[in-house]
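Please walk through this model with attention to how its secondary structure elements and side chains are arranged.

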Amino acid sequence: MMKKILLFLTALICVSNAIAQKKTYLLVQFMKVAPAQESAYLETESFWEKIHDQRIKSGAILGWQLWRLQPGGENQNNQYVTIQVFDDPIKMFQDGPGESFLTIAKRAFPTMSEADLVSKRTESLQSRDLTETFFMEQIDQTKGQFNMSLGNVMAINFMKVSPNNYTKYENAESKIFKPEWQNRIDAGRTGSWSLLKVITPKGNALNSGISHVSLDKFKDFNQLYGSPNTYNTLRSEADQKAWQEALTTREINSYMAVLIKKAAKDL
């Protein structure tokens, strides 16, 4: 009996550790769309939305989202960003390996011919320029479930932190700034906050030197701009000093985006 109890406890510990170690990975891609291609691009993303629904059902990805960057317009380097959510880094790097495009597409569009599906895919690639790709691992987040819906707003903050300052910067985000975001969430002034680490920068212009990204999510622009920008958790001089030191370790560049399409898992 004792042996069975020990085996049960060992199995329970292993399961608990597996749950605790479960991580989320994001494939984030920025798109440049010419004004003349705007309608075509949005139409192709509606096509891909159904493809991603099938990928979610097969377990290739956990979720997909399409965000419109604000302000828009051709003077901005990028107009849209897509986010795919994974539970495994290998799936992320291979963009959801497994079934072929045609196999998935036939399930999404059973009445469409293979030739039409291939043509639709080609059209989608021609409607936009893929300018930036980020592979990221989520390393921290606030508590609580923010059920995202169309029209939600998100600040995408890109950080440049030198490798020798990673620990200092991440500790400051998690131990000092995260509690402030949690207070705002508990008070209904913010949706959620998460911190991610870029794990394979590709050397493009925006990727150059980018090491971390934070995602600040809000119900809408009223929630974003209607709340006071205070830092109530930085009560002690030590906290204030630590945060000011952390600020000097990074450069920041931010985008604002509005959610216009989504499939499955929130992030």
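Phe93 has a relative accessibility of 39% and therefore counts as partly exposed, since that class covers the range between under 20%, which is buried, and over 50%, which is exposed. The model in which this value was computed is a predicted one. Phe93 belongs to helix 3, which spans residues 89–93, and together with Ile90 and Ile199 it makes a nonpolar surface patch of about 250 Å².

In the vicinity of this helix in the sequence, Lys91 forms a salt bridge with Asp87, with the closest N and O atoms 3.4 Å apart. Both partners are partly exposed, because Lys91 has a relative accessibility of 24% and Asp87 a relative accessible area of 33%.

From here the reader may turn to the sheet. A barrel is closed by 8 strands, which follow one another in the order 1-3-2-8-5-7-6-4 with antiparallel pairing, and neighbouring strands of this sheet are turned against each other by 35° on average, direction ignored. In general, strands of a sheet pair through backbone hydrogen bonds, in either a parallel or an antiparallel sense.

One of the pairings joins strand 2 (residues 63–70) to strand 8 (residues 250–264), and it runs in the antiparallel sense over 8 bridges. Within strand 8, Leu259 is the residue that stands opposite Trp67. Strand 8 also pairs with strand 5, again in the antiparallel sense, over 9 bridges, and here Ile156 stands opposite Tyr255 of strand 8. Strand 5 in turn pairs with strand 7 in the antiparallel sense over 7 bridges, and the bridge partner of Ile156 in strand 7 is Leu215. Ile156 thus has Tyr255 opposite it in strand 8 and Leu215 as its bridge partner in strand 7. Strand 5 itself is mostly covered, with 8 of its 9 residues buried.

Which strands does helix 2 lie across? Helix 2, made of residues 38–58, lies across strand 1 (25–32), strand 2, strand 3 (80–86) and strand 8, and it runs at about 75° to strand 8. Helix 6, made of residues 166–186, also packs on the sheet, where it touches strand 4 (129–141), strand 5 (153–161), strand 6 (192–198), strand 7 (212–218) and strand 8, while its direction makes about 165° with that of strand 6. Strand 8 is thus among the strands that helix 2 lies across and among those that helix 6 touches.

Each of these two helices also contributes a residue to a salt bridge, and the structure holds 7 salt bridges in total. In one of them, the side chains of Lys120 and Glu43 meet at 3.1 Å, N to O. Lys120 lies in helix 5 (residues 114–126) and Glu43 in helix 2, so this pair ties together parts that are 77 residues apart in sequence. Is Lys120 buried or exposed? Lys120 is buried, because its relative accessible area is 17%, whereas Glu43, at 48% relative accessibility, counts as partly exposed.

In another salt bridge, the side chains of Glu170 and Lys197 meet at 3.2 Å, N to O. This pair links distant parts of the chain, with Glu170 in helix 6 and Lys197 in strand 6, 27 residues apart. Glu170 is buried, because its relative accessible area is 17%, while Lys197 counts as partly exposed at 23% relative accessibility.

Methods. Residues numbered from 1 in each chain as written. Predicted model: local features only at pLDDT ≥ 70, side-chain atom pairs only at ≥ 80, totals over all residues. Heavy atoms only, no water. Patch = residues over 30% accessible without salt bridge, like charges linked within 9 Å, V, L, I, M, F, W, Y side chains within 5 Å. Areas by Shrake-Rupley, 256 points an atom, 1.4 Å probe, with all protein chains shown as cover. Salt bridge = Lys/Arg side-chain N within 4 Å of Asp/Glu carboxyl O. Helix = DSSP H or I, 4+ residues; strand = E, 2+ residues; numbered from the N terminus. Buried < 20%, exposed > 50% of the residue type's maximum accessible area, 1.4 Å probe, protein only. Pairing = 2+ DSSP bridges. Axes fitted to C-alpha atoms, helices over the stretch in contact; angles between N-to-C directions. Contact = heavy atoms within 4.5 Å.
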